[in-house]
Amino acid sequence: MKTIFFRVIIILELIINITACKAQQTQPLNTNLKDIISNSYLKDVNNELDNYEGNFTANFDDKTINIFITKELKKPITLQTKNYYQDVLSIKYIVKNGNDQVLQDTKNMSIPTNQTIHTIYSFGTSPNQNLVLLYYGGTNCGIGWGKILLKKLNTNQISWDYRPNSSLIDAASCPPSTDKTVYLPVIKDLIFTKQ
Amino acid sequence: MRKKIILRLLLLTVFMALLWSCRSEDFFQEENPSGSSTKLSSAKYASKSLWKEDVVYIEKVQQVFLKIANMEHVRANYGELNWDYAMSFGNFNETYALVPIIKDNKVVLLMEAVRIGHKLFLYEKDSQETIAFFNAAIYGKVIRYDESLSGKNGISSKALNYVCSTRTLSVGCDGEPGCVPYVKTETVCGFQQGGGPPKGFDPSGDPNLGSGGGADDGYEYPDPPEEEDPCERIKNKLTDPQFKAKINELKAQSTQGGEKGVKFKEDGTPSETITGGDHEVDLGDTAGFQGGYHNHTPTGIKMLSPPDIVKMLSFAMGQPNGNIGNGFMGMVGSEPCSCPGNIRYYNYMINFNGTAQELSDFLYSMNWDLNKLKKEYQILEGQMALDLSNVDYLGANLNTQGLEKLFFETLKGMGMEGKVNLQKIEDNGIVKNITLNSSGTSTTATPCP
């Protein structure tokens, strides 16, 4: 029994070593999730993401929204049962009310690497629609998780479309006292201007 | 010579007859621990088991048995059936029971009664362990007893989905010399087919009647409980005005933004409408409820999401008598359209389709990372929306086919392929069972009759 166990471990280690030694495969940036090969690199070969980098501002519902878009190269990702790398855009934001008070600030928030809550990362582009597709992990308790579509209008302007989903929450994992407000603007076609 | 043989034969016959008569008398004195003088096998059933048994089932099995049995044959070949101590070992859906067969004040064999659909099958079960357990339960001085239930199935078929019951007995002594107290534990998981076909129990002795074993057709079982037909299950809900009223309330909410939810009891009684926030609702405890519904907001994906699926699992687990398929979760969503009424509604409902063991594994052993599952679901949706086979035009939300494919793809990602039924409820009340085609590139909607 013990020997079988050890053999299994040795074989597993061998497999891990072999896969680790394999040359990394590069796949297109917009490879479908189910077609992604483990350990591959979804590279932004055409530098599509670069067009969206920068700091942008918009006003909505008596609030000022500042978004900070940066490009991260080769970000490690684990989805389904696959580990892979992808060039992504990351958005951090600060939302202030009419009195210039900060309502939410993820720019200065320390967010653990594996956390999705409070993060916004791109997962692909739609070049013929001039779009970049991003996933927002939602605010506290993941509330407001959903898709954000950014459309490049010109060198100074992007159009924002945020589509939050519904959440079933429970008091055990999301205490009633939690701030459940989604501060990002839930609206289509909001124009952000480059600063 | 011939005379001698005849004489010997006669003597032998007389001797046999004597033996037989003694044996029969013994039966009358011994066979009944309750002291009743009527014949045990046909005595009116009144459970004396220490545990809760499926009395409806045991009574019906006895009815069927008495109709077909030749008592002399049963007595001669098996013994007397003591129905009062029959046990269903945690199964309450008229599917399973063990009936002890008594000979000389001892359980010598068990009759296993298995119902599949409207057929009853009778088998011999001569597991020594189980027989010893029955002996202790009937004849021992029981000072303590206990039972624990768990879901388990030995056969992948949904029809044979049994509960496992582990029953423990402590047998004490009345100060009798040499008596040693003992504990007996027995686990029974319904009908389990081991190697080879089970041995049929033949109450009639008539070769023209089915014995219940092997390839036989079994006996007609009267009024079997309604099978878990997904169409039947939902039909009752849709005709219930309380259900309809709540769904309409959620539909109205789905066009406005903000989330509401509601739970339903087994008899259809709804909870108060639960008003959540802009993008969330807390349905609260699932205990005591059969299922729940909530609306998805105008911006949200009009399909059940991973957290909705997990919530359905919790409703399923809470269903009484192991009727896990009854637990459900539903969602309604809407979007503007250029169609009559200018609003298109999406109303989908899911229920669990796997075994109790699988349900328990999905719910307790998987440690779902909901944040990761939600991300996968949204990325799938985002990618699918770029493919014209899933949207009516580029930039539109997923269409019906797209939404349904997204659901099945999500199930697959959760390792639950084929374990969840998806039903679409149209505005006119027609229910469609949705299935993914084998190619995985489209779904089929089969309307309920």
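I will go through chain A first, with one of its lysines, and then turn to a sheet in chain B and the helices that lie across it, bearing in mind throughout that this is a predicted model.

Chain A has one helix and 12 strands, and when we read along the sequence the helix comes ahead of the strands. Of its 195 residues, 31% count as buried, and if we take the contacts in chain A with a separation of 6 or more, 47% of them are between residues 24 or more positions apart.

As a local example, let us take Lys96(A), which sits in strand 5, residues 82-97, of chain A. Lys96(A) counts as partly exposed because it has 17 C-beta neighbours inside 10 Å, where 20 or more would make a residue buried and 12 or fewer exposed. Leaving aside residues up to four places away in sequence, Lys96(A) touches Lys63(A) and Thr64(A), and also Gln101(A), Val102(A) and Leu103(A). Between Lys96(A) and Ile65(A), 31 residues apart in sequence, the C-alpha to C-alpha distance is 6.6 Å.

Turning to chain B, we have an open sheet of five strands in the order 1-2-3-4-8, with antiparallel pairing. Strand 1 (80-81) and strand 8 (219-220) of chain B each have a single partner strand, so each is left with one side that has no neighbour in the sheet. Within this sheet, strand 3, residues 106-116, pairs with strand 4, residues 119-125, over seven bridges, and Arg115(B) has Leu120(B) in strand 4 as its bridge partner.

Finally, the helices: helix 2 of chain B, residues 55-68, lies across strands 2, 3, 4 and 8, at about 55° to strand 2, whereas helix 4, residues 128-139, lies across strands 2, 3 and 4, at about 110° to strand 3.

Technical notes:
Residues are numbered from 1 along each chain as its sequence is written. Chains are lettered from A and ligands numbered from 1 in the order in which they are written. This is a predicted model: local features need pLDDT of at least 70, side-chain atom pairs count only at pLDDT 80 or more; totals for chains, interfaces and linings use all residues. Helices (H or I, at least four residues) and strands (E, at least two) are DSSP runs, numbered from the N terminus. Two residues are in contact if their C-beta atoms, placed from the backbone, lie within 7 Å. Two strands pair if DSSP finds at least two bridges between them. Axes are lines fitted to C-alpha atoms, for helices over the stretch in contact, and angles run from 0 to 180 degrees between N-to-C directions.
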